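Reader: I'm new to this one and would like to learn how to read it. Could you walk me through it feature by feature?

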Amino acid sequence: KRLLDHSDQQLQPDNMFEPIHEDTAHSSEKEEVDDSTICNLTVPALKERLRELGLPVGGRKADLIERLLESNNNDNTHTHTEEKEDVIETESSDDDPIHLGISTGNNKNSNDTNRSEPSTRRAKRKKFWKTQEVRELIKQNDRNAIAKAEEMITQLERMAAEEGDDEYLPGPIQYTTLIEAYSHGGTVDAPQRAEKVINRLLSTNSKEAKPTTPMLNAIIGAYASMGTESSAEQATAILERMEYIKDFGDGTVKPSVHSFAIAINAWSNVASETAAQNAEQILKRLLEDYDEALEQNAEYARELKPNNVVFNSVIDAWARSGSNVAGEKAR
């Protein structure tokens, strides 16, 4: 293709391979710029480029971008491979083990190394756009969000197996998105299904798929939205589970002020005097944990620092309780 584009130029034997070395040296930099440009294109511009490449123009913007990125990556990978072959044919020697490994095609590790970088980029793109698609459905309160989120996890796991590349495996972001889909789904069994995800992650040895604070916060939120005493108890149990993992686990999961605020809100939604008392107890636990963190871990103390949200949520719990002492408690 390069020869056709420059058919009007006279290439001398001495400098035929100079452009190839230059392109190879800067290919990754150019590709990054191209990818950034593609992501910022408008829908009409994306469709125009796809038409020029003879590719389909249907689907959401995320589909158009992914399609164009995939085509761009394939072109770059193909060009990079051709350039490597040209270099090997002209420069390989018996004294160069790297060239020997590539040229024979029998060195699996060498080939895997050559493919690892573009494969990683493809995996990250795939995960990013599938996650964005689910998040858009969640924002729109689309009833298909849960099914699409579950499909995302299944597809990524299947792709990891088919490609033999763990980069495709869903990570914390994808699992958090799945749990958020459950949380916003409004179904009765959504919190239980979210907990099953957490239990599955707790039982795995993969460091990339361990439960995180946002995941557990999403489950607390799922229970809080149900507005029943039983669901508030479950939300509190999740908060206590986070505290247990913080104290006796690897320290990767710690309740934040947001965790406490959601649990308090779960009791506020119950609207009873007992619920208001439980909300106040959770606030007291937060204050105690905060004081302890100030003495032992200043960084974690910043994550626990009580804010207006938690105090207002307790006040709201008392205001909705119908108790005769609600006014006094609120003060």
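Reader: Let's take helix H13. How many Å should its 24 residues span?

Author: This is a predicted model, so keep that in mind throughout. The idea is to allow 1.5 Å a residue, which gives H13 an expected span of 34 Å. Its end C-alpha atoms sit 35 Å apart, so the two agree.

Reader: And which residues of H13 are buried?

Author: Buried means under 20% relative accessible area. In H13 that list runs Ala-275, Ala-276, Ala-279, Glu-280, Ile-282, Leu-283, Leu-286, Asp-289, Tyr-290 and Ala-293. Notice that Glu-280 and Asp-289 are in there too.

Reader: What do those buried residues pack against?

Author: Their partners are helix H11 (229-248), H12, helix H14 (298-304), H15 and H16.

Reader: H15 is on that list, so how do I read its buried side?

Author: Start with the general idea: an α-helix has 3.6 residues a turn, so residues three or four places apart point the same way. Now the case here. In H15, the buried residues are Val-310, Ser-313, Val-314, Ala-317 and Trp-318. They cover an arc of only 140° around the axis, and therefore lie on the same side of H15.

Reader: Which exposed residues are on the face turned away from that side?

Author: Asn-308 and Ala-319 are carried there. Over on the buried side, the cover includes helix H12 (257-268), helix H13 (273-296) and helix H16 (326-330).

Reader: Can we zoom in on one residue in H12?

Author: Sure, try Ser-268, which is found in H12. Ser-268 has a relative accessible area of 1%, so it is buried. Leaving aside neighbours within four places in sequence, Ser-268 is in contact with Ser-313, Asp-316, Ala-317 and Arg-320. You've already met Ser-313 and Ala-317 among the buried residues of H15.

Reader: What about the loop between H12 and H13, and how do I read phi there?

Author: The general idea is that most residues other than glycine have a negative phi. Ala-271, in the loop between H12 and H13, has a phi near 60°, a positive value. Ala-271 is partly exposed, with a relative accessible area of 33%.

Reader: Where is Asn-141, and what is its phi?

Author: Asn-141 is in the loop between H6 and helix H7 (145-163). Its phi is near 55°, again a positive value in a residue other than glycine. With a relative accessible area of 60%, Asn-141 is exposed.

Reader: Is Met-215 buried or exposed?

Author: Met-215 counts as buried, because its relative accessibility is 0%. You'll find Met-215 in helix H10 (residues 213-224). Not counting residues up to four places away in sequence, Met-215 touches Pro-172, Tyr-175, Thr-176, Ile-179, Ile-198, Leu-201 and Lys-210.

Reader: What about empty space inside: how many cavities of 30 Å³ or more does a search find?

Author: Searching the whole structure turns up one. The largest cavity holds about 30 Å³ of space. Glu-66, Leu-69, Glu-70, Arg-122, Arg-125 and Lys-126 line it. By class, that lining has one nonpolar, no polar and five charged residues. Helix H4 (61-91) and helix H6 (108-139) each supply at least two of the lining residues.

Reader: Stepping back, how many helices and strands are in the chain?

Author: There are 16 helices and zero strands. Of the 331 residues in the chain, 37% are buried. Among contacts with a separation of 6 or more, 61% join residues 24 or more positions apart.

Methods
Residues numbered from 1 in each chain as written. Predicted model: local features only at pLDDT ≥ 70, side-chain atom pairs only at ≥ 80, totals over all residues. Heavy atoms only, no water. 1 Å grid on protein atoms, 1.4 Å probe; cavity = no way out; pocket = protein on both sides within 12 Å on 5 of 7 lines; lining within 4 Å. Points joined across faces, edges and corners; volume = space filled by probe spheres on them. Helix = DSSP H or I, 4+ residues; strand = E, 2+ residues; numbered from the N terminus. Nonpolar A, V, L, I, M, F, W, Y, C, P; charged D, E, K, R; others polar. Buried < 20%, exposed > 50% of the residue type's maximum accessible area, 1.4 Å probe, protein only. Arc of directions from axis to C-beta. Contact = heavy atoms within 4.5 Å. Expected span 1.5 Å × (residues − 1).
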